[in-house]
Amino acid sequence: MGRAQRRGPLGGRAVSGAPRPGVTPQGVTATAAEVTAAVAVAAGREPATLLLAGGRLVNVFTNEVTPADVLLAGRLVAGVYDPDDGQAQQRRERALEVIDLDGAYVVPGLIDGHVHLESSLVSPAEYVRGVLARGVTGA
């Protein structure tokens, strides 16, 4: 009879021990400086790093697609605005870089909640190359 398995909060096997080599939370969680910069951009005190202008935002929570301008501060979204709110030209002038999306879709990073990598018949690296281009950022 083996040792009892510890269970995680959702009933799965709990994993403990040292983190895997090369896997750290740094780079995933926003730093205080990044958040401060995003707040300054959202408040209009600093220019946006990038403005994605004239896109169609896919809201995965409400299943709606709406016209949107998306302001970025580095790698963080600082704001999402209606392009017809009367401030679009001001956002354009203040952004360091503007990409005119001309109605292209803007979609958050998608998570594939059920993957059978072995069924893809390709290496993990090749699988990643295929799905990243289609918006899947996690599994």
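## A guided tour from strand β1

Select Leu 57 first: Val 106 in β5 stands opposite this residue. The model on display is a predicted one. Now widen the selection to β1 and β5 as a whole; these strands run parallel and are joined by 2 bridges.

**The strands around β1**

Next, select residues 50-59, which make up strand β1, together with residues 64-73, which make up strand β2. The two strands run antiparallel, with 8 bridges joining them. They form a hairpin, and 4 residues lie between the strands. Within that turn, select Asn 63, whose phi is positive at about 60°.

Return to β1 and select Leu 52. In β2, the residue opposite Leu 52 is Val 70. Leu 52 also has a bridge partner in β4, namely Ile 99. Showing β4 beside β1 displays a parallel pairing with 3 bridges. Leu 52 can therefore be used to view two pairings of β1 at once, because DSSP bridges join β1 to β2 and β1 to β4, and pairing requires at least two bridges.

**Two loop residues with positive phi**

Leave β4 (98-100) and move along the chain towards β5 (105-106); Asp 102 lies in the loop between them. The phi of Asp 102 is near 50°, a positive value in a residue other than glycine. Is Asp 102 buried or exposed? Asp 102 counts as exposed, because its relative accessibility is 71% and the cut-off for exposed is over 50%.

Then select Leu 121, in the loop that connects β6 (110-111) with α3 (124-132). Here too phi is positive in a residue other than glycine, with a value near 60°. Leu 121 counts as exposed, at 77% relative accessibility.

**Arg 91 in helix α2**

Select residues 88-94, helix α2, and pick out Arg 91 within them. Arg 91 counts as buried because its relative accessible area is 9%, and buried means under 20%. Which residues does Arg 91 touch, not counting those up to four places away in sequence? They are Leu 51, Asp 69, Leu 71, Tyr 81, Asp 82, Pro 83 and Asp 85. Displaying the side chains of these seven contacts with Arg 91 gives a view of its surroundings.

**The largest pocket**

Keep Arg 91 selected and add Val 41, Gly 44, Leu 71 and Arg 94; among the 13 lining residues of the largest pocket, these five lie nearest its centre. Two elements, α1 (32-42) and α2, each give two or more residues to this lining. The greatest contribution is that of α2, with 3 residues. Colouring the lining by residue class shows 7 nonpolar, 3 polar and 3 charged residues. The space in the pocket amounts to about 190 Å³. Arg 91 thus appears at two stops of the tour, since it is buried and also lies among the residues nearest the centre of this pocket.

**The whole chain**

Finally, clear the selection and show the whole protein, which has 3 helices and 7 strands. From the N terminus, the order of the elements is α-β-β-β-α-β-β-β-α-β. How many of the 139 residues count as buried, as a percentage? The share is 18%. In a surface display, the exposed area is about 10,400 Å², of which carbon and sulfur atoms supply 58%. Among contacts between residues at least 6 apart in sequence, 52% join residues at least 24 apart.

Conventions:
Residues are numbered from 1 along each chain as its sequence is written. This is a predicted model: local features need pLDDT of at least 70, side-chain atom pairs count only at pLDDT 80 or more; totals for chains, interfaces and linings use all residues. Side-chain values use heavy atoms; hydrogens and water are left out. Buried means under 20% relative accessible area, exposed over 50%, partly exposed in between (1.4 Å probe, protein chains only). Contact means heavy atoms within 4.5 Å. Accessible areas come from the Shrake-Rupley method with a 1.4 Å probe; for residues, only the protein chains shown count as cover. On a 1 Å grid over the protein atoms alone, a cavity is a set of points where a 1.4 Å probe fits but cannot get out, and a pocket is an open set with protein on both sides within 12 Å along at least five of seven lines; lining residues have an atom within 4 Å of a point. Grid points are joined across faces, edges and corners, and a volume is the space filled by probe spheres set on the points. Ala, Val, Leu, Ile, Met, Phe, Trp, Tyr, Cys and Pro count as nonpolar, Asp, Glu, Lys and Arg as charged, and the others, Gly among them, as polar.
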